Amino acid sequence: MQSARAAPLWASIRDALGADLAAGRYGAGDRLPSENLLARRFGVNRHTVRRALAALSEAGAIHVRRGAGATVTGAPISYAIGARTRFSDNLRDSGRTPQERVLRAETLRADPELAGLLALSPGAAVHVAETVGLADDVPVSHATRFYPAERFPGLLEALAELGSASAALTACGLPDYRRAWTRMAAEAATAEIAAHLWLEPGAPLLATRSLNVDAAGGAVEYGHTRFAGGRVELSVEDPRSPPQEAAAPQRKP
């Protein structure tokens, strides 16, 4: 009877590093030791280590960037979507440290579709904020949000200073708001989005389009958020669909 073939060295290294991750020896956002140090630890060459790291990267456990090494992505985050969905609160509830990195902040004119969503006149000024959301320094979401500029004239400056959309709205006089509706769908990552989220082009994303309103029901924020599929698990707190949802048109920013 033939003996089972021994696992290749790279697979043994992958499994050993995977066990380290499972045991919590490296947490989300931590860097793994360099290829040289790992090669020394396992008594192999860097090519073998590189193949093991590539396997862990394909599994979504780490992200490898040339010149920056391997970063642990961590276990998927449970992200609740409810009446008061807040990025920072969701991440803190999952034991992660939140951060929003602003990629773009500008004021432009609303086209008819966007104007309809925000209950504005076509051509009205709207603020646009494009951000990447991070959890323990690992990117988990890409968001494009639109706000009525006349109501929140200083919002972009507040966002740049505070690094949080909800904190910026509070600074502009809106301490509370609620989710009117949310639509969810699957998307494939474009090359641009993939680069921001440490993914390969075409990787699966969980996408939401949503509208937030104030206490009187006035629209204050329309957003399109894309979550890295392997890093976030979306959950819906209240399955009831508000009436506004059925009438909400689809939009691609």
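Which residue forms a salt bridge with Arg104? Let's start there and then look at the rest of this predicted model.

## A strand-to-strand pair

The partner is Glu130, and the closest N and O atoms of the two side chains are 3.2 Å apart. This salt bridge joins distant parts of the chain, as Glu130 belongs to strand β5 (residues 125-135) and Arg104 to strand β4 (residues 98-109), with their positions 26 residues apart in sequence. The two ends sit in unlike surroundings: Glu130 is buried at 9% relative accessibility, whereas Arg104 is partly exposed at 29%.

Another pair also connects two strands. Glu187 and Arg209 meet through their side chains, with an N to O distance of 3.8 Å. Here Glu187 lies in strand β7 and Arg209 in strand β8 (residues 204-213), 22 residues apart. With a relative accessibility of 23%, Glu187 counts as partly exposed, while Arg209, at 10%, counts as buried.

## A pair between loops

Next comes a salt bridge between Asp176 and Arg86, at 3.3 Å from N to O. Its residues are 90 places apart in the chain: Asp176 is in the loop between α7 (165-171) and β7 (178-188), and Arg86 is in the loop between β3 (77-81) and α4 (87-93). How accessible is Arg86, buried or exposed? Arg86 is buried, because its relative accessible area is 12% and the cut-off for buried is under 20%. Asp176 has 35% relative accessibility and is therefore partly exposed.

## The wider salt-bridge picture

Across the whole structure, the search finds 16 salt bridges. Beyond the pairs described above, there is a network of salt bridges that links Asp20, Arg25 and Arg41.

## Nonpolar cores

Now for the nonpolar side of the model. The largest nonpolar core contains 17 residues, and Leu17, Leu32, Val49, Leu53 and Ile62 have the most contacts inside it. Helices α1 (9-22), α2 (35-42) and α3 (46-58), together with strand β2 (69-72), are the elements that each give two or more residues to this core.

Val49 is a good residue to look at in the viewer. Leaving aside residues up to four places away in sequence, Val49 touches Glu35, Leu38, Ala39 and Val44. There is also a second core, separate from the one around Val49, with 14 residues. Its members include Leu118, Ala180, Val213 and Ala219.

Note on methods:
Residues are numbered from 1 along each chain as its sequence is written. This is a predicted model: local features need pLDDT of at least 70, side-chain atom pairs count only at pLDDT 80 or more; totals for chains, interfaces and linings use all residues. Side-chain values use heavy atoms; hydrogens and water are left out. A nonpolar core is a set of buried Ala, Val, Leu, Ile, Met, Phe, Trp, Tyr and Cys residues joined through side-chain atoms within 4.5 Å. Buried means under 20% relative accessible area, exposed over 50%, partly exposed in between (1.4 Å probe, protein chains only). Helices (H or I, at least four residues) and strands (E, at least two) are DSSP runs, numbered from the N terminus. Contact means heavy atoms within 4.5 Å. A salt bridge is a side-chain nitrogen of Lys or Arg within 4 Å of a carboxyl oxygen of Asp or Glu.
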